[in-house]
Amino acid sequence: MVRSLISRLRGRRRRVVYGPQVLVSMERPWEPGRVRRFGPVDEVLGTLTVGDLVRSMGQADSPDKGDDAAQQKLLPARYDIQVMSGGESEFRSVDADCPAASLLAEALAEPDHPQVHQLRIRIMPLQPEDEQHRTALTRHSDQAAEDGPGCVLDEEDLEQQMGVAARPPAQAVTAEPPQAPAESSSAGLRGYMRKTDVLRAELLPKIEALDFSGLFVGNFGLQARALDKAHRVSLLDPETANRYLMAANQHRRDGEYHKALHYYKTLVTHDPDNEDFWFLLGKTAADLGRVKQAAHAFSTAKRLGHGRAKEELAALRERHPEVIEKTGDLLSLWRPTYD
Amino acid sequence: MGNSYLANPEYSYGGMRVVCFANEKGGVAKTTSCVNIAAALARQGKSVLCIDMDAQANATLALGLEPDAPETEWETFSLLTDTRLALERVIFPTMIENLDVVPADRQLSNAEKVLISEVGRETRLRTKLRDFAKSVFTKRYDVVLVDCPPSLDLVTLNALVAATDMVVPVQPKLYSLKGMARLGETVATIHSQLNVQIKLLGILVCMFDRTASLDVIVHKLLRDKISREYGDFVFRTVIGKSVAVSEAETDGRPVVLHSPGSSAARAYEQVAQELWERLGRSQHMYG
């Protein structure tokens, strides 16, 4: 039995790849991306350039062509590379001749680097007016090759080399801001839209995450409060009402009169004919010093037939004669607002 | 359900609207917007009072007053700290017809320390405005504009508690929007604890650079988010970057006076009209 088990295991040998692996994904803004696993790093990426990776993924000429990758023509493009190795780096622009291994050099230098690194390559096609951009890329990559390892290109460096023209004098805007610059050429518009697409993709989640609801509390707060109250009342089945009452009584015993008052108000809204709720509301309001509210609650409880409401009202009148005397016989007609 | 505090005459100013310009982020053109909108409204025939609550006293300077001048013996600091001082004692006329100002001075930076131990420290301005509105001997203003400091301290709280409406100037930058979100947290807190009536009147985009893709995108995203979640609360007119504003500040006058033909002045005139329309639309909420 043991021998048969060993023979089965030998027959199911799996190829084990040692060393860190590299996962390469490529995408164009308007096409779904492709993913391919390369590995190990030392063996595969040591001689590959970014252009080789793109060709092998079949993205050079047509996404359907997977064979004869070396023979495929590489269309002029800008390659924005993001290295995802334990964390995400920013996208950096590189040329097709940039060695792929150099992109991972920094990540591989980390002592605890993960076993799977991901190179995310975004292919951004160039436009005719980007010839200057390509020239700057080539010039910078040549210079970088002379300077040392690495062939990444910072946006600031690119703008510096391209000699970004000074912006026109600032002008006041009196109408709706334009969504695109005034250039009429479609090529310029596409170039502009590419940049705005990238910016929008970066900014959208940050702005969507901001919570401005507090600014509108005054505008819609009353509606929200009314809806909340209605929602609470609709949830008050007898079992829930019982829980509310227990919570209110507990808060009152603990001296948390404001919390207790909140629950009692909900209870009287749910069951306005319950003399006990009104009585407890009156007691809590009296403890908080809200004399008028307490007097109204005791009066209502008394009207509904609560046995002790009359003496509580009398005690309240003794403590606060000036308030009770002002309203006099009209006390029962006074309707306080509980908001 | 009762709207008791809205119906309570104690919290209304007899039809006078109090609009505060607030944002925790500094340098977003709060003072510039407050002063120029006040001037534009005054030129459009409205009776306007501008209250400067900022210790930098830029609004005071922009309207032609000197913060430490002897004739302005009492100012906003005294108004907040002296319970006996009436509002009409600290109102001064400006170079613009129909526009008066309550000046500020540097003492206002100490107001926090003075007020921290006082009773009713958040409601000082509201009390003064209420008494002013109730008095039959005081001038009637159509609107009061309050310039708040770039902080969330007791001075700003006084303005927020006293105001009926709020305008939030923002730059189309992420930090400015975050400051607006933090202001919203404060407004929600004072709503629940201080029973205030302030409502957001609108969000005013200022210092807009039309040549910057970032500004265009941030403005678009903000407008889309606000309109989708809350409605039309971003002012249609945006205030662009303009040298005319800086020149007017140097001259000590609002840009609507210094360069009335400039694009910035025209923009502020349009914003003032839009603000007045918004105030009129929300009038019915007060019954």
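A residue is taken here as buried when its relative accessible area is under 20%. In this predicted model, 61% of the 287 residues of chain B count as buried. For chain A, buried residues make up 36% of 339.

## The two chains

Chain A contains 14 helices and 5 strands, while chain B contains 12 helices and 7 strands. The accessible surface of chain A comes to about 20,800 Å², with 51% belonging to carbon and sulfur atoms. Chain B exposes about 11,100 Å², and carbon and sulfur atoms supply 50% of that area.

Contacts between residues at least 6 apart in sequence describe how each chain is connected. In chain A, 56% of such contacts join residues at least 24 apart. In chain B, the corresponding share is 79%.

## The sheet of chain B

Chain B holds an open sheet of 7 strands in the order 3-4-2-5-1-6-7, with mixed pairing. Its edges are strand 3 (92–93) and strand 7 (199–205) of chain B, each of which pairs on one side only. At the first of these edges, strand 3 of chain B runs antiparallel to strand 4 (residues 99–102) of chain B, and 2 bridges join them. Within this pairing, B:Pro93 stands opposite B:Asp100 of strand 4.

Helix 12 (residues 263–281) of chain B lies across strand 1 (17–21), strand 5 (143–147), strand 6 (165–170) and strand 7 of chain B. Relative to strand 7 of chain B, helix 12 runs at about 160°.

## Salt bridges

Over all chains, the count comes to 19 salt bridges. The table lists some of them.

| Acidic residue | Basic residue | Closest N and O atoms |
|---|---|---|
| A:Glu208 | B:Arg228 | 2.8 Å |
| B:Glu24 | B:Arg182 | 2.3 Å |
| B:Glu274 | B:Arg278 | 3.4 Å |

A:Glu208 forms a salt bridge with B:Arg228. This pair joins two chains, because A:Glu208 lies in helix 7 (residues 186–208) of chain A and B:Arg228 in helix 9 (residues 213–229) of chain B. A:Glu208 is partly exposed, with a relative accessible area of 31%. B:Arg228 has a relative accessibility of 52% and therefore counts as exposed, since the limit for that class is over 50%.

B:Glu24 forms a salt bridge with B:Arg182. B:Glu24 belongs to the loop between strand 1 and helix 2 (30–43) of chain B, and B:Arg182 to helix 8 (residues 174–194) of chain B, so the pair ties together parts that are 158 residues apart in sequence. Both partners are partly exposed: B:Glu24 has a relative accessible area of 23%, and B:Arg182 has a relative accessibility of 38%.

B:Glu274 forms a salt bridge with B:Arg278. These two residues both lie in helix 12 of chain B, 4 residues apart, which is about one turn of the helix. B:Glu274 is buried, with a relative accessible area of 2%, and B:Arg278 is also buried, at 5% relative accessibility. Salt bridges that share partners join B:Glu274 and B:Arg278 with B:Asp232, B:Arg236 and B:Glu277 into one network. Helix 12, which holds B:Glu274 and B:Arg278, is the helix that lies across strands 1, 5, 6 and 7 of chain B.

Methods:
Residues numbered from 1 in each chain as written. Chains lettered and ligands numbered in written order. Predicted model: local features only at pLDDT ≥ 70, side-chain atom pairs only at ≥ 80, totals over all residues. Heavy atoms only, no water. Pairing = 2+ DSSP bridges. Contact = heavy atoms within 4.5 Å. Axes fitted to C-alpha atoms, helices over the stretch in contact; angles between N-to-C directions. Buried < 20%, exposed > 50% of the residue type's maximum accessible area, 1.4 Å probe, protein only. Areas by Shrake-Rupley, 256 points an atom, 1.4 Å probe, with all protein chains shown as cover. Salt bridge = Lys/Arg side-chain N within 4 Å of Asp/Glu carboxyl O.
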